[in-house]
There are 2 protein chains.
Amino acid sequence: MASIVTCIAPVNIAVIKYWGKKDEKLIIPLNDSLSGTLSMDQMHAKTTIMASPNFTKNCIWLNGKEETFDNIRLLACLKEIKRRAQEDGTSKELLSWNIHVCSENNFPTAAGLASSAAGYACFVFALAKLYKVKGDVSQIARQGSGSACRSLEGGFVRWHMGKSSDGSDSLATQVVPASHWPEMHVIILVVNDKKKKVSSTSGMQRSVETSDLLKHRVAYCVPKRIVDIEKAIKSKDFPTFAEITMKDSNQFHAVALDTFPPAVYMNDVSHSIVDLIHCFNKVKGCTKVAYTFDAGPNACLYLLEPTVAETMAVVDYFFPSSNSKNTVQGLPVPPCNAKETVKAIEALGMQRQGDDLLKYVIHTQIGEGAKQLMDSESHLLSANGIPLRLV
Amino acid sequence: MASIVTCIAPVNIAVIKYWGKKDEKLIIPLNDSLSGTLSMDQMHAKTTIMASPNFTKNCIWLNGKEETFDNIRLLACLKEIKRRAQEDGTSKELLSWNIHVCSENNFPTAAGLASSAAGYACFVFALAKLYKVKGDVSQIARQGSGSACRSLEGGFVRWHMGKSSDGSDSLATQVVPASHWPEMHVIILVVNDKKKKVSSTSGMQRSVETSDLLKHRVAYCVPKRIVDIEKAIKSKDFPTFAEITMKDSNQFHAVALDTFPPAVYMNDVSHSIVDLIHCFNKVKGCTKVAYTFDAGPNACLYLLEPTVAETMAVVDYFFPSSNSKNTVQGLPVPPCNAKETVKAIEALGMQRQGDDLLKYVIHTQIGEGAKQLMDSESHLLSANGIPLRLV
C-alpha cells in the first residue's frame, strides 16, 4: 500500500542577508541571517510526495513539468532524510520504495521571489512527514537551498551559521512566532525587468572569491546587526528594525557591486523605490517603512498595518499604472487620501515615475511555518502517483 | 599698473578614488588617490586673474556669470596663497590690491566631469603665478576642491593623504609624466540622465558617518591598490592597471551604496556599459579596456590607442544613436569593422540598447599639467578687468 503526504511551506524574506558560503557542498554560510516568514494565505509552495512499491524510479514534477531527479541537491536532501529516518526506526520497506514528488508554487516563479527556498523547505518537510523523521530538519533543507532552512518556521527566523565543519549546527530557529508581532505587514513591489541576471548561487560564489568588503561585512557588520535586530524584533521596536533592515539590504548590494565582475541586482526602478521610502519616512518624521531587496530588482517593504493604506496610495501615485491603479494581490488595501503626503514628498524633489514600472503588488503579512495538509483533497498526485493536473 | 595672468588646467580622472575626508575644513582625505591627467587639447579650465589698485573689491565670473566671492573655499585658497607669497617676498602693494577672476571651462559643466577640480587647480595655479609663489601649491588647491590638487601635474598623479593634522603633507606628486605612456587614451561616455544627484561633498560626508565598509576600504583595500597600480603604471602593465581601476571604481560605488541613505551615482546605462566592457574583454581574451565612474553616471574608459577604433565601433553598435553614430568630440576615431567582435559579444548575452542613451562621446589622452599662457590674446579680462565676453 502506497504512502502519501502533502505539505505547504512559506516564502521568507531576509532582513539580515545570507550572501556567501563557507562550504559550497554542505551550504554552510559565512554569516548568520534572519528573515520574516510570509503568510501562506498569499504565497506558498505545495508539495505532495508519494512512496509506492509500484514506482519503478523516483520522479519529480515542478509546476506541472517533469524534471530530472538527477540533481545533486535534491539527492543530498533525500539521502539525509533517509539516514535520519533509519535512525528513527522507520520501516526499511517504506524507505526502499521509490517516490513521486509533485510541487507547485501559487505565485509566479519568474517573479524572483525566493521560490526555491519555499520549494526545498516544502520538499524536505514533506519527506520528513512521509518518513516520520523527528527533530530539526532545517539543516537538511539548508542543503537543498540555503535560505530554505528559514522557511520551516513561522514568525521571524534566524539561521545560525554554526561552528561545526560538518554543518550539523548550521540550522534555523524561531526568534518569535507570527503571533508576537501581528501588525507586521509586507508589501512586495514586483518590478518590470528584462535584464538577464546573475544567479544568486554564482553571484555569491564570485563575491566570496573577489570582494574584500564581504570579509569585513561577515566579520564585523553582521554579528552586531543580528543581535540588534533580534532585540528590536523582540521588543517590537519598528524604527530600529526598519533601519537595520534597510542598511543590511544596501550593504548586501554594495558587496555584490564590489564583486568582480560586479553582480548588479537592483535597477533604476529599485533605486527610485529606495528614494521614495526615504522621502516617505522623512515626511512622516520617523521610520514608518523599510525596504529590502533580494538578488533581483523587486522591493519588499516591511511596515506596520496602520501604514499600509497610505504607503500604497503613495506608491500608486509615484509609480503609476496605465490602468490608474496598480494591481494588488493578497490582502485588501483600504483606500486612502495621501494628497498631503504626496505633496510633501514632491517638495523633497521626488518625481513621479513613468507608467507601468511595477508589474504587480502583493500585500501580505508575517505568517506560520510549513505544515502538513491532512485533507485528502489537497494531494497533487492521483492514487497512481500521476500529477492530477496531467490526468 | 595692474598685473594679469592667464592659465589653463586639466581635468583628471581618478583610477584610485578619493572618497571621504579626515578633516572637512582642511580637506584632508581618508586615503591616497591616484589619477590620470587628461589632455588640455580637448578639455580644460581657463582662468585669468588680474590685480589692480583700481578694483574696489574682489570679483569672480564663472562661465560668464558673476558669482559671489564670499565662498569659504575660494577665500581659503586666496588667503593661503597670499601667506605663502609674503614668505616668498612678494610686494606688499601687489598683495593689497583686489583681484578680478574670470574662469571658463571649454566643456559643459553639467556633464559632471570633475569641472570643479580643473577650476580650482587653475585658480590656485594662476594665483601662484600672479604672486610669484614658489614650490608646491597642490596642498592649497586641495583646500578648494580635494581632487583639484591632482590637476596641477600631467601624466599620472598621486595625492598623498599625508600624516600631519595641519594638512601640510597632504599633497599631490607626479607618478610618471604623460610622455611615459603616450599610448594611454581615454574615452568618456556622457550618459543622458535626468536624476537629481547627491553632491559628492555631501555623499562622501554621509559615507564617513554611516558606511562601515568605507572604514575597511580605507584601512585595507586602498593602501595595497595604490602600491600595485603605481607599479603597473611604471611598468606599463595595462591589464593590471585596468583591473585595479575597475575594481576600485566598483568599490567606491559599493561604499556609496552602503551609505545611509544610499548615494547612488551609476544608473542602468552605466551598468550596461560595465557589462559591455566585461564582455569585450572576455571576447578579446584579455583586459583591453577599463571603466571607471566618478560621482555620476558617465563612464570613463582607459584604453591603449590601438584599441580605440574597435571599442568605439562596439560602443556605437550597442549604444546606438538615432543619427546612426554617436557624436565624438576630441581626437579623431578611425573607422573600424567590429562585426565579429559584436557577434561574439552578443553570443555572451549582451543586448543592443535603446537609442540615444549616450549624450556624446569625448576621445582624449593623457596630457600635461596646468600651465601659464604667455600670449596676451589669451586673457579673458579686458584692460579694465571686465570679462571680454561681456564687453
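**Exercise 1. The proline in the loop between α7 and α8**

Task: In this predicted model, determine where Pro261(A) is placed and which kind of peptide bond joins Phe260(A) to Pro261(A). Then treat Pro261(B) in the same manner.

Solution.
1. Begin with the position in chain A. Pro261(A) is located in the loop between α7 and α8 of chain A.
2. Turn to the bond that precedes this residue. Phe260(A) and Pro261(A) are joined by a cis peptide bond, for which omega is about -10 degrees.
3. Proceed to chain B. The loop between α7 and α8 of chain B contains Pro261(B).
4. Examine the corresponding bond. Between Phe260(B) and Pro261(B) the peptide bond is cis, and omega is about -10 degrees.

**Exercise 2. A backbone angle in chain B**

Task: State the sign of phi at Ile27(B) and identify the loop in which Ile27(B) is found.

Solution.
1. Read the angle. Phi of Ile27(B) is near 55 degrees, which is a positive value in a residue other than glycine.
2. Locate the residue. Ile27(B) belongs to the loop between β3 (21-23) and β4 (28-29) of chain B.

**Exercise 3. The largest cavity**

Task: Establish how many cavities of 30 Å³ or more the structure has, and describe the volume of the largest cavity and the residues that line it.

Solution.
1. Count the cavities. A search of the whole structure yields 4 cavities of 30 Å³ or more.
2. Give the volume. For the largest cavity, this is about 170 Å³.
3. Identify the lining. A total of 18 residues line the largest cavity, and those nearest its centre are Leu257(A), His271(A), Leu257(B), Val264(B) and His271(B).
4. Assign the lining to elements. Two or more residues come from each of α7 (238-257) and α8 (268-284) of chain A, and likewise from α7 (238-257) and α8 (268-284) of chain B. The most is given by α7(A), with 3 residues.
5. Sort the lining by class. It comprises 11 nonpolar, 5 polar and 2 charged residues.

**Exercise 4. Helix α10 of chain B and its contacts**

Task: Classify the packing of α9(B) against α10(B) and that of α8(B) against α10(B), and name the residues in each contact.

Solution.
1. Consider the angle of the α9(B) pair. Helix α9 (residues 308-318) of chain B packs against helix α10 (residues 339-347) of chain B at about 55 degrees, and the axes are 10 Å apart. Because of this angle, α9(B) is oblique to α10(B).
2. Add the handedness. α9(B) and α10(B) form a right-handed crossing.
3. Name the residues in contact. Glu310(B), Val314(B), Tyr317(B) and Phe318(B) of α9(B) make the contact with Thr341(B), Val342(B), Ile345(B) and Glu346(B) of α10(B). By class, this contact has 5 nonpolar, 1 polar and 2 charged residues.
4. Repeat the procedure for α8(B). The axes of α8(B) and α10(B) cross at roughly 115 degrees and come within 9 Å. The angle therefore makes α8(B) roughly perpendicular to α10(B). The crossing of α8(B) with α10(B) is right-handed.
5. Name the residues in this second contact. On α8(B) they are Leu276(B), Cys279(B), Phe280(B), Val283(B) and Lys284(B), while α10(B) contributes Thr341(B), Ala344(B) and Ile345(B). The classes are 6 nonpolar, 1 polar and 1 charged.

**Exercise 5. Helices α8 and α9 of chain A**

Task: Decide how α8(A) and α9(A) are oriented to each other and which of their residues meet.

Solution.
1. Take the angle. The axes of α8(A) and helix α9 (residues 308-318) of chain A cross at roughly 130 degrees and come within 12 Å.
2. Classify the angle. The two helices, α8(A) and α9(A), are therefore oblique to each other, and their crossing is right-handed.
3. List the contact. From α8(A), Leu276(A), Phe280(A) and Lys284(A) meet Glu310(A), Thr311(A), Val314(A), Val315(A) and Phe318(A) of α9(A). These residues divide into 5 nonpolar, 1 polar and 2 charged.

Definitions and conventions:
Residues are numbered from 1 along each chain as its sequence is written. Chains are lettered from A and ligands numbered from 1 in the order in which they are written. This is a predicted model: local features need pLDDT of at least 70, side-chain atom pairs count only at pLDDT 80 or more; totals for chains, interfaces and linings use all residues. Side-chain values use heavy atoms; hydrogens and water are left out. On a 1 Å grid over the protein atoms alone, a cavity is a set of points where a 1.4 Å probe fits but cannot get out, and a pocket is an open set with protein on both sides within 12 Å along at least five of seven lines; lining residues have an atom within 4 Å of a point. Grid points are joined across faces, edges and corners, and a volume is the space filled by probe spheres set on the points. Helices (H or I, at least four residues) and strands (E, at least two) are DSSP runs, numbered from the N terminus. Ala, Val, Leu, Ile, Met, Phe, Trp, Tyr, Cys and Pro count as nonpolar, Asp, Glu, Lys and Arg as charged, and the others, Gly among them, as polar. Axes are lines fitted to C-alpha atoms, for helices over the stretch in contact, and angles run from 0 to 180 degrees between N-to-C directions. Angles under 35 degrees count as roughly parallel, over 145 as roughly antiparallel, 65 to 115 as roughly perpendicular and the rest as oblique. A crossing is left-handed if the near helix is turned anticlockwise from the far one by less than a right angle, and right-handed if clockwise. Contact means heavy atoms within 4.5 Å.
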